[in-house]
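Me: I'd like to learn how to read a ligand site and a few odd backbone spots. Can you walk me through them on this one?

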Amino acid sequence: MQEYWTAALRQLQTIVSADHYETWFAKIDFHHRDDDRIYLEVDDDFCKAWIEDNYLDLIEDALDKVTEEAMEIVLDVRGSFDEGDELQIEVDLTPQAARQANLDHQAVFDFAQSQTAAPNIDDLATEAGMNPRYTFEHFVVGSSNQFTYAACSAVAHEPASTYNPLFIFGGVGLGKTHLLQAIGIEMLRRDPNARVMYLSSEEFMNQLITSLRNKDMNTFRNQFRNDCDLLLVDDIQFIGGKDSTQEEFFHTFNALYQSGKQIVVTSDKSPQDLPGIEERLASRFSWGLIADIQPPGIETRMAILEKKAEADGIEMSKEVAMLLAGTIRSNVRELEGTLIRLGAQASLMGTPLNVDFTRQMLKRMNLDHRRQVNVDQIMRTVASHFDITVSDMKGPRRTRAISEPRQIAMYLARKHTNHSYPELGRRFGGKDHTTVLAACKKLEDLVEMGDNDFARSIADLESMLIR
Ligand code: ADP
Ligand code: MG
């Protein structure tokens with residue numbers, strides 16, 4: 001049953017924002033269940049009341065989905081359920097006892113599996129050429145990748161029924177490989193006997209060439225077309241222009257698709273934009289779902305840093321995270337790499353990883369030159385985008401048509417320059433620093449929520465300002 005709860009949590013993670021998830025959901029513990037109720041524990045009365053008022057339906061929906069039955073949720077403060085004898089259920093859950101306790105067979109089965117020679121999923125992942133760390137849990141979800149994350153999660157939980165094929169595309173170092181392998185690892189967790197095949201399109205080509213040379217095409221074909229439940233192909237763009245590889249991949253695709261096996265492919269471009277890919281293959285990639293990953297916003301970059309620092313035991317203050325996330329915008333790989341280097345250097349030199357140290361090191365690594373935009377440029381660009389004048393923006397009028405662009409400009413100025421709130425207030429025609437602060441806070445929230453006009457305008461404006 002614990003598994004069900006974990007699965008429900010994972011569902012919830014795809015629905016709510018990362019912050020909400022961490023604050024309210026991650027800390028809920030499964031305690032036990034009986035016939036139609038699930039008992040969950042939280043830290044305190046406040047959490048209990050808040051979750052009951054706001055999230056109970058959401059949690060129930062998520063649980064119903066994974067258990068496929070309607071369960072009632074009983075929420076209480078940690079320790080409250082321990083007095084009764086229900087606790088016994090969890091303690092002596094031998095298959096027989098569980099059956100008597102009228103638990104469902106899946107739980108019994110899961111338990112039996114975990115008690116006997118449970119295959120180590122990390123080992124299975126490694127054997128399949130994947131990185132055991134690339135799991136859904138280790139992936140930080142933000143508005144830039146939420147959609148793709150949800151699609152991957154859906155595919156992992158219901159392979160070949162929702163989106164087949166799933167085509168993921170996006171720039172370098174944005175988490176495509178991570179999510180691709182997360183699907184594979186999740187599949188292995190659910191069924192350690194699943195035949196998960198992970199490889200890059202280059203490896204596919206190399207294996208093909210070897211098989212052709214050894215005149216052993218049968219083995220090659222069997223391996224991909226018959227002995228495979230889930231095919232994960234990374235960086236498909238490499239087969240552009242390689243005609244015989246494409247031909248073979250096309251037939252592999254068809255065979256797997258027809259026998260109801262899931263196919264997931266990543267690429268640096270969308271199928272239409274892939275050079276040298278045959279039309280029939282590009283069109284097959286569009287049969288299922290095409291999901292793109294965008295570069296993460298500052299909040300997500302910070303969350304990624306914090307998660308990574310915690311995982312690697314690096315002590316880092318919020319200010320340092322902010323400095324790093326504000327400086328390194330290109331991709332997550334570089335962000336993580338810099339954190340690890342800084343952590344190592346700090347520990348070698350026996351200094352704490354504080355703002356001063358970080359600034360020094362960034363300077364030394366030549367990473368401290370932000371692409372400079374200034375407040376005037378920002379005001380001009382935003383004003384012309386919304387068809388108002390810069391004097392409107394600096395002026396006192398507070399109609400919507402003016403105050404919204406003004407708030408957006410304040411947010412962008414704060415994000416992309418080093419000016420303080422009071423300084424920005426002065427530059428926006430002598431406004432109070434609290435006005436700037438409120439504008440930034442409001443826009444930060446809207447950007448984190450993703451799908452709204454503000455977030456879209458901001459993304460457009462940023463791409464104009466910072467190329
Ligand atoms: P890509 O395949 O798109 O080039 P990767 O999947 O190799 O990128 O990601 C690069 C690194 O960044 C990996 O270590 C990965 O774990 C990490 N990473 C990328 N996106 C995220 C994210 N949203 N949360 C956590 N780690 C991430
Ligand atoms: Mg990759």
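Me: How many residues surround ligand 1, and which are the closest?

Reply: Keep in mind that this is a predicted model. Ligand 1 has 18 residues around it, and the closest are V140, G173, K176, T177 and H178. Sorted by class, that shell holds seven nonpolar, seven polar and four charged residues.

Me: Which polar contacts does ligand 1 make through its oxygen atoms?

Reply: Look for N or O pairs within 3.5 Å. Among them, a backbone N or O atom of G173 sits 2.7 Å from an oxygen of ligand 1, and a polar backbone atom of L174 is 3.2 Å from a ligand oxygen. From R333, a polar side-chain atom comes to 2.8 Å from an oxygen of the ligand. Taken alone, ligand 1 would expose 560 Å², and the protein buries 94% of that.

Me: Why does ligand 1 lie between two domains?

Reply: Because domain 2 (125–293) and domain 3 (311–367) both give residues to its shell. Helix 10 (176–190) and helix 17 (332–349) each supply at least two of the shell residues.

Me: And the backbone: what is the usual pattern for phi and peptide bonds?

Reply: Most residues other than glycine have a negative phi, and most peptide bonds are trans. Here, the bond from N164 to P165 is cis, with omega near -5 degrees. P165 is in the loop between helix 9 (146–157) and strand 4 (166–170).

Me: Which non-glycine residues have a positive phi?

Reply: A160, at about 60 degrees, and D235, at about 55 degrees. A160 is in the loop between helix 9 and strand 4, while D235 is found in the loop between strand 6 (230–234) and helix 13 (243–258).

Me: Are they buried or exposed?

Reply: A160 counts as partly exposed because its relative accessibility is 30%. D235, at 22%, is partly exposed too.

Definitions and conventions: Residues are numbered from 1 along each chain as its sequence is written. Chains are lettered from A and ligands numbered from 1 in the order in which they are written. This is a predicted model: local features need pLDDT of at least 70, side-chain atom pairs count only at pLDDT 80 or more; totals for chains, interfaces and linings use all residues. Side-chain values use heavy atoms; hydrogens and water are left out. Helices (H or I, at least four residues) and strands (E, at least two) are DSSP runs, numbered from the N terminus. Buried means under 20% relative accessible area, exposed over 50%, partly exposed in between (1.4 Å probe, protein chains only). A residue is near a molecule or strand if one of its heavy atoms lies within 4 Å of it. A polar contact is a pair of N or O atoms within 3.5 Å; within protein, one must be able to donate a hydrogen and the other to accept it, and residues adjacent in sequence count only if both atoms are side-chain atoms. Accessible areas come from the Shrake-Rupley method with a 1.4 Å probe; for residues, only the protein chains shown count as cover. Ala, Val, Leu, Ile, Met, Phe, Trp, Tyr, Cys and Pro count as nonpolar, Asp, Glu, Lys and Arg as charged, and the others, Gly among them, as polar. Domain bounds come from an automatic or database domain assignment.
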